[in-house]
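Biologist: I would like a close look at a single part of this model, taken slowly and with the cut-offs stated.

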Amino acid sequence: MAEEKRKRILILYYSRTGSTERMARLIGEGVAEAGVADHDVRSVEGFDAGSLLDYDGIIMGSPTYYGTLAYEAKKVIDESVKYHGKLAGKAGSAFTSAANIGGGNETTVLSILSAWLIHGMIVQGNEKGDHYGPVSIGAPDERAAAQCREMGRRFAGLVNKL
Ligand SMILES: Cc1cc2nc3c(=O)[nH]c(=O)nc-3n(C[C@H](O)[C@H](O)[C@H](O)COP(=O)(O)O)c2cc1C
């Protein structure tokens, strides 16, 4: 009997001072805890948008820069137009680190989620925690770390159902 292929999740981040990268790694820990999918944590730097096709779920994180994502992360999204139509049906999620509460962090997460929706991807909210996706003020504290791990676990569960 043919074995079903294990799902693959990409956690793609941009980080200048390390906080968003730390969140990416915590999300990876959550994915690993779920035990139902493999994952890669990769920086957007040198990332080829064509590699998005290799994954069943794509999570992107960026620091909040002026209430939106950094251009280094936006570049991957803009380059993904080459594959428009081919990402439909995959799952997507997003996270950010910002300096301030109310510093535009939710708009950053929603900017990334908008791109996933335009690609026809599936986005799951969170009814209890950070509703749109994990937000950290500076480096992740205990609360933000728990949000990241939980998002990783939930996202793996979603991807596993696709
Ligand atoms: C160009 C630039 C713009 C920024 N704009 C915002 C902002 O609008 N709101 C905010 O809360 N923090 C802002 N910050 C702070 C970063 O979002 C914050 O330091 C974040 O934790 C950095 O993440 P990193 O360590 O992954 O690079 C800005 C930082 C830079 C360098």
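Biologist: In which sense do β3 and strand β4 (residues 68-69) pair, and over how many bridges?

Modeller: This is a predicted model, in which local features need pLDDT of at least 70 and side-chain atom pairs count only at pLDDT 80 or more, whereas totals for chains, interfaces and linings use all residues. Residues are numbered from 1 along each chain as its sequence is written. Strands (E, at least two residues) and helices (H or I, at least four) are DSSP runs numbered from the N terminus, and two strands pair if DSSP finds at least two bridges between them.

With β4, β3 pairs in the antiparallel sense over two bridges, and T64 has L69 in β4 as its bridge partner. The hairpin of β3 and β4 has two residues between the strands, and Y66 takes a positive phi near 50° there. Strand β1 (residues 7-13), by contrast, runs parallel to β3 and is joined to it by five bridges, with I11 opposite I59 in β3. The pairing of β3 with β5 is also parallel, over seven bridges, and S62 is there matched with T96 in β5.

Because eight of its nine residues are buried, β3 is largely enclosed by the rest of the structure; buried means that 20 or more other C-beta atoms, placed from the backbone, lie within 10 Å of the residue's own. β3 (57-65) is also one of the elements, with α1 (19-34) and β5 (91-98), that each supply at least two residues of the shell around the ligand. That shell has 19 residues, and P63 is among the closest, where a residue counts as near if its C-beta atom, placed from the backbone, lies within 6 Å of the molecule.

Definitions and conventions. Buried ≥ 20, exposed ≤ 12 C-beta atoms within 10 Å, placed from the backbone.
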